[in-house]
Amino acid sequence: MKAERLFSQEMILGECPVWDDEIKALFWIDISAGQLWQQKCGHDAALYRTFDQNIGMCCLARDGSVVVALEKSIVQVSGEYSRVLFDDNEMEEPNNRFNDGKCDAVGRLLIGTMNKLAEPKRAGLYQFTQNGGFKQLFGGVSISNGLDWSPDKRKLYYIDTPHGVLWRYDYDMETGDLHNKTPFIDYSSEKGNFDGCCVDSEGCIWACHWGGFQVSRWDPLSGRKIDTIALPVPNATCCTFGGEKMNNLIITTGVGRDRNVKRDYQLSGSLFIVETDTVGMPPNRFGV
């Protein structure tokens, strides 16, 4: 499997790609630039919306809009229209902001936070529903990052980047509750730390390595590494499956705080695409 550059646009900190299988379009964000991007099939990448602060994640909603998380708020956007769904998260932690997130099959949004000063265990993972329900699932998190579900929706995989472990939970889809936290993949000896991730239709986990020049694939039964996609840039941030056949792995990358990264690896911040021998699953959409 070979990674190829998707288009010429480059992000400061690209993240959270999601494929809209209904309109055949890719959405993703540039965290540091506060930008939401879109590319429709056969068209160039286009800036969809710009915000005056960091943007932590985006997901699709059932009504065709896009839901984004800013530093302390969750906002629904559609073209020029926007509506604040939730505001003032973790006000007791002014240096925390929303980070990665994803919706479950019912339509709940699971979204984490991180501390901008890299202070450990000051963040958490939360659950948000369309009726405004917002609750903490657990705290003690350092940098809440990638998450996704097994194809049968019974397992949740979760990454708190600095801890060196991808965790697996039993997930109750009826209630949204988590049970039986289990260390599933120890990536402490891997090159780079796990950042974002996704799960394919076979249940395999695809993890992006920040600082590791790669995306790796892991067996859902043994937790063993079974494949690697090499990248020409160090900081892979997140990935998703998309395209007409849902067999293209789309990977976002970022520059980070080290200015030498862009000098030494000029394609940093690009999006990459890889044709795989498996297929992904359609995205879950927000709205309970």
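**Notes on a strand-rich predicted model**

1. Let me start in the middle of a sheet: F98 faces T113 of strand β11 as its opposite number. Please keep in mind that this is a predicted model. The two strands involved here, β10 and β11, pair in the antiparallel sense over six bridges. Five residues separate them in their hairpin, and G107 there takes a positive phi near 115°. That glycine is a nice spot to look at when you turn the hairpin on screen.

2. Now for the sheet around that pair. It is an open one of four strands, ordered β10-β11-β12-β13, with antiparallel pairing. Its edge strands are β10 (96–103) and β13, each of which pairs on one side only. From one strand to the next, the twist averages 25°.

3. The remaining pairings fill in the picture. β11 and β12 run antiparallel and are joined by four bridges; here L110 has Q127 of β12 as its bridge partner. Strand β12 (residues 123–128) then pairs with β13 over five bridges, again in the antiparallel sense. On that side, L125 stands opposite F138 of β13, a phenylalanine that returns below among the ring pairs.

4. How many of the seven residues of strand β11 are buried? Seven of the seven are, so this strand (residues 109–115) is largely enclosed by the rest of the structure. The cover is on both faces: one side has L109, I111, T113 and N115, the other L110, G112 and M114, and all are buried. T113, the residue opposite F98, thus belongs to the side that also carries L109, I111 and N115.

5. Turning to the aromatic residues, the count comes to 17 aromatic pairs. In one of them, F27 and Y48, the ring centres are 5.6 Å apart and the planes stand at 85°, so the pair is edge-to-face. F27 belongs to strand β3 (residues 25–30) and Y48 to strand β5 (residues 46–50), so the contact ties together parts that are 21 residues apart in sequence. The two partners differ in exposure: F27 counts as buried at 3% relative accessibility, whereas Y48 is partly exposed, at 24%.

6. Another pair is F138 with Y158, which is also edge-to-face because the planes lie at 80°, with the ring centres 5.3 Å apart. F138 sits in strand β13 (residues 134–141) and Y158 in strand β15 (residues 155–160), so this pair ties together parts 20 residues apart in sequence. Here F138 counts as buried at 17% relative accessibility, and Y158 counts as buried at 1%. F138 therefore has two roles worth viewing together: its ring pairs with Y158, and it stands opposite L125 of β12 in the sheet.

7. Ring pairs also link a cluster made of F86, F98, Y126, F128, F134 and F286. F98 is the residue from my opening point, opposite T113. A different kind of ring contact involves W167: K181 lies over its face, at 4.2 Å from the ring centre.

8. Two loop residues deserve a look. Is I55, in the loop between β5 and β6 (57–60), buried or exposed? I55 is buried, with a relative accessible area of 0%. Leaving aside residues up to four places away in sequence, I55 touches I29, D30, I31, G34, Q35, L36, V68, A69 and L70. Its C-alpha atom is 7.8 Å from that of N99, although their positions lie 44 residues apart along the chain.

9. R257 makes a good contrast. It is found in the loop between β23 (248–253) and α1 (259–264), and R257 is exposed, with a relative accessible area of 74%. From R257 to I12 the C-alpha distance is 9.5 Å, for a sequence separation of 245 residues.

10. Finally, the chain as a whole. Its secondary structure comes to one helix and 24 strands. The radius of gyration is 17 Å, close to the 19 Å that the globule rule gives for 288 residues, so the chain is as compact as a globular protein of that length. Along the principal axes, the C-alpha atoms fill a box of roughly 45 × 45 × 40 Å. Of the 288 residues, 57% count as buried. Among contacts between residues at least 6 apart in sequence, 46% join residues at least 24 apart.

Conventions
Residues numbered from 1 in each chain as written. Predicted model: local features only at pLDDT ≥ 70, side-chain atom pairs only at ≥ 80, totals over all residues. Heavy atoms only, no water. Phe/Tyr/Trp six-rings, centres within 6.5 Å; stacked < 30°, edge-to-face > 60°. Buried < 20%, exposed > 50% of the residue type's maximum accessible area, 1.4 Å probe, protein only. Lys NZ or Arg CZ within 6 Å of the ring centre and 35° of its normal. Pairing = 2+ DSSP bridges. Axes fitted to C-alpha atoms, helices over the stretch in contact; angles between N-to-C directions. Rg over C-alpha atoms; globule rule 2.2 N^0.38 Å. Contact = heavy atoms within 4.5 Å.
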